[in-house]
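User: I've got a protein model open and I'd like to practise reading it. Can we go through a few questions together?

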Amino acid sequence: MRDWILFALGGAVVTALLYWGAQNIVPLALFLNLFTPMPAAYTHMRYGTLPGGLAVFGACVILAVVFPATMAGGYLLQFGILSFVIPLLLRRGIAWDRTVVLNVCAVMLVAGILLVGFSVTQQVSPAQMIRQQADLAVAQALEFYDQGQFPVQERDQFESTLGEMADIFVRIFPALGAVIVAGLSLLTVLLLNSFSAGRYRVPGPEFAAWRSPEFLIWGVIAAGFSMLIDQSLLRTVAMNLLILLLPVYFVQGVAVVSHFLKRRAVAPIIRSLVYFLIFILNPLPLVVTGVGMFDLWIDFRKPKIKKTS
């Protein structure tokens with residue numbers, strides 16, 4: 001039996017198990033979700049479109065037959081499109097940063113079409129559907145609060161805070177969804193590059209040298225000033241724009257950090273610890289985002305010319 005057939009079958013089985021585990025093993029859900037796209041994406045990247053497509057299709061079949069059928073649709077939208085589109089574009093020589101953007105567009109387009117189609121069948125607007133899901137999450141959180149040993153006198157404040165968060169969630173849902181897809185896409189690209197072992201090449205600039213397009217900073221500036229204007233629709237657009245653009249500069253800031261760690265030949269385990277702290281230790285994410293923005297003008301990675309006497 002050919003290797004690609006084994007990889008396609010194995011990729012389908014491992015993908016289905018990862019997705020099932022993410023839905024049922026709550027403590028490991030985030031970790032498993034991060035790696036769910038990899039088996040099919042790696043199969044596609046290493047062996048081609050047919051094996052990669054079969055891995056995605058096989059995972060859908062397994063999820064639909066063995067588990068509740070709705071899991072197959074959830075997998076396809078959340079991870080299946082990503083697992084197929086990213087290696088498809090990379091194998092055609094499209095740079096990894098453009099691949100991430102194109103994949104986000106593809107996933108959001110499909111999600112938008114499905115959301116509109118489902119809302120039509122339910123005779124409610126897409127915004128109302130998102131609001132219903134947000135209200136459901138609030139109700140579940142309040143139920144958990146009531147079942148726990150929490151102060152009764154603080155319940156009203158807790159409910160008010162959840163309501164405000166739900167309102168914000170509905171307003172920023174499009175941008176938030178795009179950022180989540182972009183983050184998972186970037187992680188998949190990085191993993192594909194790490195596991196390449198010379199079998200394939202991920203096209204595009206080295207991550208430590210990556211820079212965002214300079215014109216994006218004007219979007220950040222415009223959105224920032226728009227937040228000062230007391231107009232609901234304008235603020236909603238500005239919030240979504242900031243949520244889309246600020247992570248771009250966070251990634252550029254991480255690229256700057258990666259440049260200096262690489263230049264100083266820092267051990268891999270120390271580099272991993274630094275990256276981990278950047279993501280979880282407040283206020284490092286804000287600092288790194290600021291570094292990414294000011295890199296446009298200061299150019300932290302520009303070689304310093306030593307003055308000679």
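## Helix H5 and the salt bridges

Analyst: Sure. Keep in mind that this is a predicted model. Let's begin with helix H5, which is mostly covered, with 15 of its 21 residues buried.

User: On which residue is the kink in H5 centred?

Analyst: H5 covers residues 70–90 and reaches 30 Å from its first C-alpha to its last, close to the 30 Å expected. There's still a kink of about 50 degrees in this helix, and its centre is Leu76.

User: Is Asp295 buried or exposed?

Analyst: The cut-off for buried is under 20% relative accessible area. Asp295 has 1% relative accessibility, so Asp295 counts as buried.

User: How many residues apart in sequence are Lys262 and Glu206?

Analyst: The side chains of these two meet in a salt bridge, at 1.9 Å from N to O. Lys262 lies in helix H10 and Glu206 in the loop between helix H8 and helix H9, so the pair ties together parts whose separation in sequence is 56 residues.

User: Which residues are linked with Arg211 in a network of salt bridges?

Analyst: Arg211 forms a salt bridge with Asp295, the closest N and O atoms being 3.0 Å apart. The side chain of Arg211 also meets that of Asp299 in a salt bridge, at 2.6 Å. Arg301 comes in too, since a polar contact of 2.7 Å joins its side chain to that of Asp295. So the network links Arg211 with Asp295, Asp299 and Arg301.

Note on methods
Residues are numbered from 1 along each chain as its sequence is written. This is a predicted model: local features need pLDDT of at least 70, side-chain atom pairs count only at pLDDT 80 or more; totals for chains, interfaces and linings use all residues. Side-chain values use heavy atoms; hydrogens and water are left out. A polar contact is a pair of N or O atoms within 3.5 Å; within protein, one must be able to donate a hydrogen and the other to accept it, and residues adjacent in sequence count only if both atoms are side-chain atoms. Helices (H or I, at least four residues) and strands (E, at least two) are DSSP runs, numbered from the N terminus. The expected span of a helix is 1.5 Å times one less than its number of residues. The bend at a residue is the angle between axes fitted to the seven residues ending there and the seven starting there. Buried means under 20% relative accessible area, exposed over 50%, partly exposed in between (1.4 Å probe, protein chains only). A salt bridge is a side-chain nitrogen of Lys or Arg within 4 Å of a carboxyl oxygen of Asp or Glu.
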